[in-house]
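Biologist: I would like to go through this model one element at a time. Please give the reasoning before each value or name.

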Amino acid sequence: MSPRAGNTGPHTLAFVESPVQLLNVLEWAHAHAPDVALTLVVLSPTDPMTRGQLRRMAELAREEGHEVRWEEARGGPAAPFQTIGGLTARLRRADRIVLGDPFSRYVQLLLTITRARDLVVVDDGTATMEFVAQLARGERLVRWHRKGGRPGARDLIFAPVSSKARRRLTPSDKRRVTVFSSMPMDETPPGVTLLANDFSWTRFRFGPPRITKGADMVGTSLVETGVVDPDRYLEAVRSLAKAHGATRYFAHRRESTAKLHQLALETGLEIVRPDLPLELIARRGPVGRTILSFPSTVVHTLPLALVGTEVRVAVCDIDPTWLTEKASPRAQGFLSGVTGTARDVTRLQTLTTTA
C-alpha cells in the first residue's frame, strides 16, 4: 500500500487537461507534498493522442498512490454541467487546488466555486510565463498567440467568469498563490510564491537513457495554432534535418495527421507519436545525442530532465518571414523570449526558407 493511502492531511484537488500538466502535478507532489494523497481530476479533451498520453500518465499517477478521477468533460452538450455538478462538493471541501492551465475556461469556471485558501499553478508550458506576466500587470488572462486580437462574442460572454477567476488567482490575506515552474520569469506578481521545478521526479523514476549517435527533432503545433505558415515550416524542418542528420521527428500531440504525413514524405523523417510527454520519452531513451527544437517548452524542460547525460538540446529561432498574417503581433517577441531565456541549450542560426 502506498504511504499516501489513508492520509488525513489537507484535501488537495488537482485539475489537469494535458499530459504535461499531469506530469508537473506529479513533479510538484514529489518535491513539495511527498506524503499527500492527491485527487487528480482529468478534464479529458477529445483528441485521441492527448487522451492516450493522459491515460498513460494517469497510470503513473495511480502507481504513485494518487486517486485519479477521469471526467469526460467535453463528451457532449450536457457534459460540462454534469462534470461541474459532480465536482462541486469536492471543490468546496478542498483546502488546496492545484491547476495546470489558468487560461482554461473550464478551470476558470471551477475556480469560481472553490473556497480553497491555497492555490498552486503548475507548468502548462510556455503559457505559464505569460500567465505570470499578465497577473503581475493586472491584465486579463489571454493566451499569448491570441493577444492583440479583438475579443470574440464568447470572450465577452465569459468575461465576468474570467475576471473572477483572475481575482481568485491573486494572493490576498485569505488566499496563498504558488507557481511551480521550470520556466524563467521576468516579473513576479506581488505575494506570489515561485517554486522551481527541476524534474527531480522524472530523473528519479526513469533513466538514464541510452544515447544514440544521431539527432532527433521535436515537433511544434505553431502551424496548428495559426502562428507559422505550413510551407515555411515544412521547408525549415527539411533544412534542419538535413543539416544535422536527424532521423526521427517526435510529433507534438496537437499536430495534424495530414501535416505529419507530408513531413514524412518530403523529409524522410520517421514520425514518432509519443505515448508520454517528451521529457519522459527522452529520459527513458533511447534518444539522439542532439535534440533539435524550435522555440517551445522543451528547450527549458529537456535540459533539466536530461541533466547529467551527454545529450545536447539545440534550438532554432522562428524567422519573422515564417509568421502568418493571422499571427498575433506579440508572437515574434514571445517566441524570441522563449529561446533567449533558455538555459543550457545551443542556439542555432535561424534558417532562411524559400517556400
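Biologist: In what order do the six strands of the open sheet run?

Modeller: This is a predicted model, so what follows is computed from predicted coordinates. The six strands pair in parallel and form an open sheet. Strands β10 and β13 (346–348) stand at its edges with a single partner each, so one side of each has no neighbour in the sheet. The twist averages 30° from one strand to the next. The order is β10-β9-β8-β11-β12-β13.

Biologist: Is strand β9 largely enclosed or not, and how many of its residues are buried?

Modeller: Buried here means under 20% relative accessible area. Strand β9 covers residues 246–250, and it is largely enclosed by the rest of the structure because the buried residues number four of the five.

Biologist: Which residue of β9 stands opposite Met-217?

Modeller: Strand β8 (residues 211–218) runs parallel to β9, and four bridges join the two. In this pairing, the residue of β9 opposite Met-217 is Tyr-249.

Biologist: Through which helix does the chain cross from β8 to β9, and what is the hand of the crossover?

Modeller: The two strands are parallel and joined by four bridges. The connection is a β-α-β crossover through helix α8 (residues 230–244), and its hand is right-handed.

Biologist: Which residues of β10 stand opposite Phe-250 and Tyr-249?

Modeller: Strand β10 (residues 270–272) is parallel to β9 and is joined to it by three bridges. Opposite Phe-250 is Val-272. Opposite Tyr-249 is Ile-271.

Biologist: Through which helix does the chain pass from β9 to β10?

Modeller: Three bridges join β9 to β10, and the strands run parallel. The β-α-β crossover between them is right-handed, and it passes through residues 257–267, which form helix α9.

Biologist: Is Lys-259 buried or exposed?

Modeller: Lys-259 lies in helix α9. The cut-off for a buried residue is under 20% relative accessible area. Lys-259 has 11% relative accessibility, so it counts as buried.

Biologist: Which residue joins its side chain to that of Lys-259 in a polar contact of 3.1 Å?

Modeller: Leaving aside neighbours within four places in sequence, Lys-259 is in contact with Thr-220, Val-223, Glu-224 and Tyr-233. The side-chain partner in the polar contact of 3.1 Å is Glu-224.

Biologist: How many residues of helix α5 are buried?

Modeller: Helix α5 spans residues 127–137 and is largely enclosed by the rest of the structure. Its buried residues include Met-129, Glu-130, Phe-131 and Gln-134. The number buried is nine of the 11.

Biologist: Which residue follows α5, and what is its phi?

Modeller: The residue after α5 is Gly-138. Its phi is positive, near 70°.

Biologist: How far apart are the closest N and O atoms in the salt bridge between Glu-187 and Arg-137?

Modeller: The pair links distant parts of the chain, 50 residues apart: Arg-137 is in helix α5, and Glu-187 is in the loop between β6 (176–181) and β7 (193–196). Glu-187 is partly exposed, at a relative accessible area of 28%, and Arg-137 is partly exposed, at 38%. The closest N and O atoms are 2.6 Å apart.

Biologist: What is the corresponding distance for Arg-55 and Glu-72?

Modeller: Arg-55 is in helix α2 (residues 48–63) and Glu-72 is in the loop between β3 (67–71) and α3 (79–93), 17 residues apart. Arg-55 has 41% relative accessibility and counts as partly exposed; Glu-72 is partly exposed at 37%. The closest N and O atoms of this salt bridge are apart by 4.0 Å.

Biologist: Which residue forms a salt bridge with Arg-203?

Modeller: Arg-203 counts as partly exposed, with 26% relative accessibility. Its partner also counts as partly exposed, with 38%. The closest N and O atoms are 3.7 Å apart, and the partner is Asp-198.

Biologist: How many salt bridges are counted, and which residues are linked in a network of them?

Modeller: The count comes to 22 salt bridges. The residues linked in a network are Arg-56, Glu-59, Asp-275 and Arg-284.

Conventions. Residues are numbered from 1 along each chain as its sequence is written. This is a predicted model: local features need pLDDT of at least 70, side-chain atom pairs count only at pLDDT 80 or more; totals for chains, interfaces and linings use all residues. Side-chain values use heavy atoms; hydrogens and water are left out. Buried means under 20% relative accessible area, exposed over 50%, partly exposed in between (1.4 Å probe, protein chains only). Two strands pair if DSSP finds at least two bridges between them. A crossover is right-handed if, with the strands pointing away from the viewer, the path from the first strand over the helix to the second runs clockwise. A polar contact is a pair of N or O atoms within 3.5 Å; within protein, one must be able to donate a hydrogen and the other to accept it, and residues adjacent in sequence count only if both atoms are side-chain atoms. Contact means heavy atoms within 4.5 Å. Axes are lines fitted to C-alpha atoms, for helices over the stretch in contact, and angles run from 0 to 180 degrees between N-to-C directions. A salt bridge is a side-chain nitrogen of Lys or Arg within 4 Å of a carboxyl oxygen of Asp or Glu.
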